[in-house]
Amino acid sequence: MNIERLVLHVVEMELVSPFETSFGREVKRPAILVEVCAQGASGWGECVAGSGPWYGYETVKTALHVLEDFLIPLLFAAQWTHPTELPGRLSSVRGHQMAKAALEAACWDLWAQREGVALSKALGGVKSEIESGVSVGVQQDLAALILAIEGYRRDGYRRVNIKIKPGWDLDIVQGVRKALPEVSLQVDANSAYTLEDMKLFQALDGCGLLMIEQPLGHDDLVDHAALQAQLRTPICLDESLKTLDDVKAMLALDSGRIVNIKAGRVGGLSNAVAIHDLCRKQSVPVWCGGMLETGVGRAANVALASLPGFTLANDLSASDRYYHQDLIDPPFVLNPNGTLSVPTEPGLGIHIDRSALKRVTTHVEAFKAP
Ligand code: OSB
Ligand code: MG
């Protein structure tokens with residue numbers, strides 16, 4: 001397939017409410033939307049790199065650099081008939097998974113549109129609805145957190161992921177447990193702790209959590225294995241898993257028992273599907289993480305989460321949990337049963353709201369195939 005033209009739309013989206021994790025507080029979410037064009041059609045992908053290298057080393061600027069100077073020329077030069085060939089075509093660039101994933105997602109969308117098949121089906125999806133959960137950032141105090149969770153529960157979210165960090169952990173989790181004993185609860189530390197915090201994790205182990213996500217180093221597998229050996233609660237890894245090889249190492253070392261899959265973190269949908277397939281074969285449950293995506297990235301995530309191994313609730317919430325005005329029309333809405341519907345139209349199955357996109361665009365760059 002030949003990409004004729006490619007456009008990078010750099011946007012800045014104001015969040016409905018600030019999102020605070022152990023590594024920082026986000027008020028606005030930047031994104032790069034990749035539009036690939038061929039034969040009058042456009043495919044879309046979203047780059048989830050943040051404004052700074054806090055979650056991972058990539059940023060909007062590193063992604064733009066690597067896309068412009070290396071990945072886009074490679075894509076224009078590449079011969080390919082199926083999007084699963086793309087990771088191989090881009091493999092001379094080491095790392096930069098988020099930049100690669102955005103390019104690949106746009107190609108998946110365009111390819112699936114041309115095939116007349118929904119992206120969900122193209123990836124091997126089987127679900128028509130995916131289970132939606134909500135990730136709740138650090139709040140002012142426990143009362144504010146409980147209020148926020150109660151609001152999300154009224155909206156219909158059935159599983160809550162609480163961000164924790166030193167000073168905002170055990171008391172908070174115990175407080176939520178006491179106020180809302182029946183809520184499905186998990187926590188995400190975003191790498192805020194070390195093995196020195198063993199006592200904390202042993203206490204969290206008694207809180208009835210579905211999982212403890214990425215408690216230790218962002219690149220670590222060995223210490224996580226030592227921690228998992230001491231806990232009944234499954235550890236879920238996010239930041240530590242950037243490749244299929246990382247997942248193999250995690251499983252071999254028993255560094256955790258649940259995998260958070262984000263296409264952006266692992267270099268694209270093709271790699272994400274490969275990780276899903278491996279985990280499914282080994283009966284390791286997976287769920288789809290989020291990066292506060294706009295509707296463009298969300299649609300790709302929802303398609304991915306429709307695969308059969310995604311047996312746990314996902315950090316994929318409705319558009320209005322993130323943004324007052326999404327970039328797609330219609331936006332994603334939460335079904336009364338706490339799910340998001342998987343689009344069935346060809347490709348991502350979304351319609352870009354070009355005027356909404358224009359309002360949040362800070363910069364556009366267009367590239368023509370040589
Ligand atoms: O750890 O999943 C994370 C956002 C930015 C960076 C890292 C993470 C997140 C989220 C977002 O948790 C959750 C969502 O998109 O709903
Ligand atoms: Mg996480």
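Which residue has a side-chain N or O atom 2.8 Å from an oxygen atom of ligand 1? That residue is Asn190. Before going further, note that this is a predicted model, in which local features need pLDDT of at least 70, side-chain atom pairs count only at pLDDT 80 or more, and totals for chains, interfaces and linings use all residues. Side-chain values use heavy atoms, with hydrogens and water left out.

Let's stay with the ligand. The side chain of Lys163 also offers an N or O atom, 2.9 Å from an oxygen atom of ligand 1, and a polar backbone atom of Met291 lies 3.3 Å from a ligand oxygen. These are polar contacts (pairs of N or O atoms within 3.5 Å). The protein covers 99% of the 390 Å² of accessible area that ligand 1 has on its own, with areas taken from the Shrake-Rupley method and a 1.4 Å probe.

Stepping back, 14 residues surround ligand 1, each with a heavy atom within 4 Å of it. Among the closest are Lys262, Leu292 and Tyr322. By class, this shell has six nonpolar, three polar and five charged residues.

Now for the cysteines. A search of the whole structure finds zero disulfides, a disulfide being a pair of cysteine sulfur atoms within 2.5 Å. Why is Cys107 unpaired? Its closest cysteine sulfur, in Cys37, is 11 Å away, too far for a bond. Cys288 is in no disulfide either, and the nearest cysteine sulfur, that of Cys236, is 11 Å away. Cys107 is buried, at 0% relative accessible area, and Cys288 counts as buried at 0% too; buried means under 20% relative accessible area (1.4 Å probe, protein chains only).

Notes. Residues are numbered from 1 along each chain as its sequence is written. Chains are lettered from A and ligands numbered from 1 in the order in which they are written. A polar contact is a pair of N or O atoms within 3.5 Å; within protein, one must be able to donate a hydrogen and the other to accept it, and residues adjacent in sequence count only if both atoms are side-chain atoms. Ala, Val, Leu, Ile, Met, Phe, Trp, Tyr, Cys and Pro count as nonpolar, Asp, Glu, Lys and Arg as charged, and the others, Gly among them, as polar. Buried means under 20% relative accessible area, exposed over 50%, partly exposed in between (1.4 Å probe, protein chains only).
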